[in-house]
Each structure stands twice: as structure tokens, then as C-alpha cells.
Amino acid sequence: MMYNIRQMIRSDWNEVKEIYRLGIETGNATFEKEVPSYESFVSNAVLECTLVATDEAGIQGWCKLNKSSNRYVYRGLGEVSTYVHPREKGKGLGDLLLHTLTQTSEENGFWTLSAGIFPENVASIKLHSKHGFEEVGVRKRVGQMQNGQWRDVILFERRSGRVGV
């Protein structure tokens, strides 16, 4: 399958939010119970590192980098999110998105990327590990789902070999 990766633009939002909604429905992608507004989605995002994957049928996945802090000393720290449409799973799209995001983040001065992943999301853990993310800890019962279930989150980090060395 041939995908084109590019920066997300405002008109992509309807397709991006549908993929996000499908991820929310799995119960293993996020604590969110509903898709936020576009304004909320981009409010903390590094726009140069908010990407979509397209093919002839439209947007099939997206990834973004959120700033970890507005403090100057943490300007090179970001938190990644990667979502792939269920029909595209197993085709290498997550791999392509995360690879492109790590490169783009370094081009934009980021030296450390982090990801918080539910232990049950084995595919995401494997994907991040493949791209140099290492487990740095577990936050026990850090958040509560809408059904009342408390969830752990495994913290992963990836340190750049090019930026901030």
C-alpha cells in the first residue's frame, strides 16, 4: 500500500476525528470518552509534527506531537499519539507514521519523545519499542475510565541520537 504523509490541515479534521473516534471505541487507546473539538485537539500540538497519512481513499491514519511543557528548558520534550484506521491495521502504516514523526520531531528540535500506553495495547507497545522507545515506568491506576475502571499507563521515552546530544 502506498501512503503519502503530510502535515495536517484544518480541512482534514472530519477524517482525523473519525479515526480518533474509532480508537476511543476500542477502550485501549485513550482515556478520552469522546473526540475533542478541533481547537482543543490542536491547542497543545506542534503543528509541524501533526501529520496525516493519505491514500487514494483519503486519510487512513494520523499522528501528532504535543508539547510537554511551555517552559523553555523543556522545549525539546514532546508526547506522541499515533492512530490508524482499523481497516489499515497490519499494513505498516503505524510504522510509517511513527518513523516520519520521529524524523520530523528531530527536524523541529525535539530531543525526547514520550508515550503513555495502556498495558493491554500490545500493538502500540511493539510499535513504539521498534522505534527506539524504552519503558521508563508504570503509572499505577493513574486514570479512571468512564465505566469506573482504573487503568495503568506504561511510560515510554525515546531519546534522539541527533538532537540534544
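**Figure 1. Order of helices and strands along the chain.** Reading from the N terminus, the elements of this predicted model follow the pattern β-α-α-β-β-β-α-β-α-β-β. That makes 4 helices and 7 strands in the chain. Contacts often bridge distant parts of the sequence: taking pairs of residues at least 6 apart, 63% of the contacts join residues at least 24 apart.

**Figure 2. Overall dimensions and surface of the chain.** The C-alpha trace covers about 40 × 40 × 30 Å along its principal axes. How does the radius of gyration of the chain compare with that of a compact globule? For 165 residues the globule rule suggests a value near 15 Å, and the chain comes in at 15 Å, so the two agree. Of those 165 residues, 45% count as buried. The exposed surface adds up to about 9100 Å², with carbon and sulfur atoms supplying 47% of it. As for charge, there are 21 positive and 20 negative side chains, and the centres of these two sets sit 4 Å apart.

**Figure 3. Helix H3 and the glycine just after it.** H3 takes in residues 93–107. What span should its 15 residues give at 1.5 Å a residue? The expected figure is 21 Å, and the end C-alpha atoms are indeed 21 Å apart, so the helix agrees with the rule. Quite a list of H3 residues is buried: Leu 93, Gly 94, Leu 97, Leu 98, Thr 100, Leu 101, Thr 102, Thr 104, Ser 105 and Glu 106. Look just past the end of H3 and you'll find Gly 109, with a positive phi of about 85 degrees.

**Figure 4. His 85 in the loop that leads to H3.** This histidine belongs to the loop between strand E4 (77–84) and H3. Is His 85 buried or exposed? Its relative accessibility is 13%, and since the cut-off for buried is under 20%, His 85 counts as buried. Setting aside residues up to four places away in sequence, His 85 touches Ile 19, Leu 22, Gln 60 and Gly 61.

**Figure 5. Lys 67 in strand E3.** E3 runs over residues 58–67, and Lys 67 is part of it. With a relative accessible area of 33%, Lys 67 is partly exposed. Which residues does Lys 67 contact, once neighbours within four places in sequence are left aside? They are Asn 44, Val 46 and Leu 77. Gly 78 is worth a look here too: its C-alpha atom is 4.7 Å from that of Lys 67, although the two residues are 11 apart along the chain.

**Figure 6. Glu 134 in strand E6.** Glu 134 sits in E6, which covers residues 134–144. Its relative accessible area of 56% makes Glu 134 exposed. Even so, Glu 134 has contacts beyond its neighbours within four places in sequence, namely with Leu 155, Phe 156 and Glu 157. Asn 14 is another matter: 33 Å separates its C-alpha atom from that of Glu 134, and the pair is 120 residues apart along the chain.

**Figure 7. Arg 141 and its positive phi.** Staying in strand E6, we come to Arg 141. What is the sign of phi at Arg 141? It is positive, at about 45 degrees, even though Arg 141 is not a glycine. For context, most residues other than glycine have a negative phi. Arg 141 is also exposed, with a relative accessible area of 51%.

Terms used: Residues numbered from 1 in each chain as written. Predicted model: local features only at pLDDT ≥ 70, side-chain atom pairs only at ≥ 80, totals over all residues. Heavy atoms only, no water. Helix = DSSP H or I, 4+ residues; strand = E, 2+ residues; numbered from the N terminus. Rg over C-alpha atoms; globule rule 2.2 N^0.38 Å. Buried < 20%, exposed > 50% of the residue type's maximum accessible area, 1.4 Å probe, protein only. Contact = heavy atoms within 4.5 Å. Areas by Shrake-Rupley, 256 points an atom, 1.4 Å probe, with all protein chains shown as cover. Lys, Arg positive; Asp, Glu negative; His and termini not counted. Charge placed at Lys NZ, Arg CZ, Asp CG, Glu CD. Expected span 1.5 Å × (residues − 1).
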